[in-house]
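Here is a short, friendly tour for anyone opening this structure for the first time. Have a look at it, then read on.

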Amino acid sequence: MTSHVSASHLSASRRPASSSARPHTPRRSGRRRPLALAAALLFTLVMGANAATATATSTTSGAVDGHRAVTGSGSPTESALPQLKRLIERQADAWNRGDGTAFANTYAEDAEFITFDGTHLRGRPEMARNFQLYFDHYTKGTRLVFTKVPVTLRHPTPRTAVMITTGCIANPGEPECRPDSHSIQTYVASYGKRGWELVSFQNTRVQGLLPPPRA
């Protein structure tokens, strides 16, 4: 009996010893908790950095796309030449029909027009009145002929165009420009809600007063 009790006692004494190891588990957990918090904090920081990087990339991409909307595919600069050519064609058609209002409508409402003799017309209404006067009394039956469109086309800004053309006013019965009737024109256009609009025009008769430059 004594030895049995002693064995039980020893067995019982071992159990607390075995269970006494369990209190150490929270201590290990306690030692791991700062590491777990640090890992969680590091994960949060990494995810935050990734999110910030993604946002920055998205913003940068938006800026690039915004830039392309102006200078890339489908941009105003790419549509400038076709639209400006159509405006020139409308001008020639209106001139040849003697329609001052239709001719003026190819320009912006507040456009400025300087003729070859230095007359300065301001605004579409004034242009319409004066051109109808020209058509009815001075240039009746003439044709507006463009010989080169464009000579040059430049874009100081994505929404601004400067185009140089050449042409003449052909008298009735003349199939083409006379040597002494050639002029050079400078158009300034801007891009707005209505697309490309002509805002300024300067016409200069080619006189050839100076000798050509030496090669």
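## A hairpin and its neighbours

Keep in mind that this is a predicted model. A good place to begin is the hairpin that links strand 5 (183-192) to strand 6 (195-205) by way of two residues. These two strands run antiparallel, with ten bridges between them. Look for Gly192, which sits opposite Gly195 of strand 6.

Strand 5 also has a partner in strand 4 (160-170): the two pair in the antiparallel sense, and eight bridges hold that pairing. If you want one pair of residues to find by eye, try Ile164, whose bridge partner in strand 5 is Thr186. As a rule of thumb for reading such strands, side chains in a regular strand alternate between the two faces of the sheet.

## The largest pocket

How much space lies in the largest pocket? The answer is about 530 Å³. Its lining is made up of 27 residues, and those nearest the centre are Trp95, Phe116, Thr139, Ile169 and Asn203. Sorted by class, the lining has 13 nonpolar residues, eleven polar ones and three charged ones.

Several elements chip in here. Helix 3 (76-97), helix 5, strand 3, strand 4, strand 5 and strand 6 each give at least two residues to the lining of the largest pocket. So strands 5 and 6, which the hairpin joins, turn up again as part of this wall, because each of them supplies at least two of its residues.

## Thr142, tucked into a loop

Thr142 belongs to the loop that runs between helix 5 (124-137) and strand 3 (143-157). Is Thr142 buried or exposed? Its relative accessibility is 7%, so Thr142 counts as buried, the cut-off being under 20%.

What does the Thr142 side chain reach at 2.6 Å? That would be the backbone oxygen of Thr139, and Thr139 is also one of the residues that lie nearest the centre of the largest pocket. Leaving out neighbours within four places in sequence, Thr142 is in contact with Trp95, Asn96, Ile169, Ala170, Asn171 and Pro172. Two names there may ring a bell: Trp95 and Ile169 are among the residues nearest the pocket centre.

## Met127 and Gly98

Next, find Met127 in helix 5. With a relative accessibility of 0%, Met127 counts as buried. Not counting residues up to four places away in sequence, Met127 touches Ala104, Tyr107, Ala111, Phe113 and Leu121. Take Phe113: it is 14 residues from Met127 along the chain, and their C-alpha atoms are separated by 7.6 Å.

Gly98 lies in the loop between helix 3 and helix 4 (100-104). At 23% relative accessibility, Gly98 counts as partly exposed. Gly98 touches Gln132 and Phe135, again setting aside residues up to four places away in sequence. The C-alpha atoms of Gly98 and Tyr134 are 8.7 Å apart, with these positions 36 residues apart along the chain count.

## A cis bond and a polar contact

Most peptide bonds are trans. The bond from Val149 to Pro150, though, is cis, with omega near -10 degrees. Pro150 itself is in strand 3.

Last stop: Glu174, in the loop between strand 4 and strand 5. Its relative accessible area is 19%, so Glu174 is buried, given that buried means under 20%. A polar contact of 3.1 Å joins the Glu174 side chain to that of Arg178.

Key: Residues are numbered from 1 along each chain as its sequence is written. This is a predicted model: local features need pLDDT of at least 70, side-chain atom pairs count only at pLDDT 80 or more; totals for chains, interfaces and linings use all residues. Side-chain values use heavy atoms; hydrogens and water are left out. Helices (H or I, at least four residues) and strands (E, at least two) are DSSP runs, numbered from the N terminus. Buried means under 20% relative accessible area, exposed over 50%, partly exposed in between (1.4 Å probe, protein chains only). A polar contact is a pair of N or O atoms within 3.5 Å; within protein, one must be able to donate a hydrogen and the other to accept it, and residues adjacent in sequence count only if both atoms are side-chain atoms. Contact means heavy atoms within 4.5 Å. On a 1 Å grid over the protein atoms alone, a cavity is a set of points where a 1.4 Å probe fits but cannot get out, and a pocket is an open set with protein on both sides within 12 Å along at least five of seven lines; lining residues have an atom within 4 Å of a point. Grid points are joined across faces, edges and corners, and a volume is the space filled by probe spheres set on the points. Ala, Val, Leu, Ile, Met, Phe, Trp, Tyr, Cys and Pro count as nonpolar, Asp, Glu, Lys and Arg as charged, and the others, Gly among them, as polar. Two strands pair if DSSP finds at least two bridges between them.
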